[in-house]
Amino acid sequence: MSDERIPLDLLDPAAVRKRARTVAIGAVMVAAAFGGLLGLLAGRTAGLVTAAVFALPLLLLAWSEARRRVWLTGRVLSVRAFGTRSVDLHTADQLDLLVTDMRGSRTVGLFVRGGGKAINLALAIYAGTGGREQGVLALRKLADVLAGRGDAPGLVFSELLVAQLRAEARGLAAADRPLYQLGSLAPSGRLAQKLNPDAISRFVSTLD
């Protein structure tokens with residue numbers, strides 16, 4: 001397996017930094033509002049402490065989002081935020097399809113866990129009838145690595161990604177692609193949920 005580093009960031013760095021700045025600005029505004037209110041009621045010190053309590057977690061979140069990068073090297077999937085976490089896809093003991101639903105957008109991700117570490121790799125983000133998906137090279141490499149596991153979960157996910165590649169090659173609309181269709185199976189109103197493995201296997205078995 002080649003040790004070439006394959007970037008797997010679904011959004012380009014500029015868009016990620018822009019979103020992180022928005023989160024940071026929002027954090028400061030919310031913290032200032034709550035801190036100012038409590039400051040009027042309980043004094044300046046209480047207001048400053050309250051502002052810090054509200055702002056710090058959100059600012060850390062924004063910073064980690066701005067730094068987040070995901071890549072595949074050989075068969076090892078890695079993500080960097082505050083530090084770097086890596087999972088060998090051949091020895092990972094958990095593979096799931098995770099669907100998150102937030103502000104009208106659905107993200108379909110490959111959730112992997114191994115060696116006490118977990119990574120959620122975004123495969124596609126859909127809003128309405130369009131969206132953004134991992135590129136051809138990324139999907140091809142992931143499909144090859146997962147097939148190399150030699151077990152049922154690895155083969156199912158590999159076949160799913162190959163079917164996604166075929167749908168893209170045919171020029172099918174987003175709504176006719178496997179990742180979109182699987183994402184649509186998840187009930188609305190839940191922030192994050194894992195799809196049933198048996199349901200994924202049955203779905204993949206119906207694909208051309």
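Which residue in β8 stands opposite tyrosine 126? In this predicted model, the residue opposite tyrosine 126 is glycine 131 of β8.

## Overall picture

The protein chain has 208 residues, and buried residues make up 38% of them. Its secondary structure comes to 6 helices and 9 strands. The chain exposes about 11100 Å², of which carbon and sulfur atoms supply 60%. Among contacts with a separation of 6 or more, 54% are between residues 24 or more positions apart.

Confidence varies along the chain. The mean pLDDT is 82, and 72% of the residues reach 70 or more. Of the elements, helix α1 (residues 13–42) has the lowest mean pLDDT, 60, while α3 has the highest, 96.

## The four-stranded sheet and helix α3

An open sheet is formed by 4 strands in the order β1-β2-β3-β4, with antiparallel pairing. Its edges are β1 (5–7) and β4 (84–88), each of which pairs on one side only. On average, neighbouring strands of this sheet are turned by 25° against each other, direction ignored.

At one of these edges, β1 pairs with strand β2 (residues 69–73) in the antiparallel sense over 3 bridges. Within β2, threonine 73 is the bridge partner of arginine 5. Helix α3 (residues 136–147) packs on the sheet and touches both β1 and β2. The direction of α3 makes about 125° with that of β1.

## Strands β6, β7 and β8

Strand β6 (residues 105–114) is joined to strand β7 (residues 117–127) by 9 bridges, and the two run antiparallel. One facing pair is leucine 110 with leucine 121 of β7. The hairpin of β6 and β7 has 2 residues between the strands, and glycine 115 there takes a positive phi near 60°.

β7 also pairs with strand β8 (residues 130–133), in the antiparallel sense and over 4 bridges. The pair named at the start, tyrosine 126 and glycine 131, belongs to this part of the model. Here too there is a hairpin: β7 and β8 have 2 residues between them, and glycine 128 in the turn has a positive phi of about 65°. In general, strands of a sheet pair through backbone hydrogen bonds, either parallel or antiparallel.

## Threonine 107

Threonine 107 lies in strand β6. Is threonine 107 buried or exposed? Its relative accessibility is 18%, and the cut-off for buried is under 20%, so threonine 107 counts as buried.

What does threonine 107 touch, leaving aside residues up to four places away in sequence? The contacts are Leu98, Val99, Thr100, Ala122, Ala124 and Ile125.

## Helices α4 and α5

A packed pair of helices is described by the angle between the axes and the distance between them. For helix α4 (residues 152–169) and helix α5 (residues 178–185), the axes come within 8 Å and cross at roughly 120°. That angle makes α4 oblique to α5, because it falls outside the ranges for roughly parallel (under 35 degrees), roughly antiparallel (over 145) and roughly perpendicular (65 to 115).

The contact between these helices involves Leu160, Ala163, Gln164 and Ala167 on the α4 side. On the α5 side, the residues they meet are Pro178, Leu179 and Leu182.

Technical notes:
Residues are numbered from 1 along each chain as its sequence is written. This is a predicted model: local features need pLDDT of at least 70, side-chain atom pairs count only at pLDDT 80 or more; totals for chains, interfaces and linings use all residues. Side-chain values use heavy atoms; hydrogens and water are left out. Two strands pair if DSSP finds at least two bridges between them. Axes are lines fitted to C-alpha atoms, for helices over the stretch in contact, and angles run from 0 to 180 degrees between N-to-C directions. Contact means heavy atoms within 4.5 Å. Buried means under 20% relative accessible area, exposed over 50%, partly exposed in between (1.4 Å probe, protein chains only). pLDDT is the predictor's confidence in each residue, from 0 to 100. Accessible areas come from the Shrake-Rupley method with a 1.4 Å probe; for residues, only the protein chains shown count as cover.
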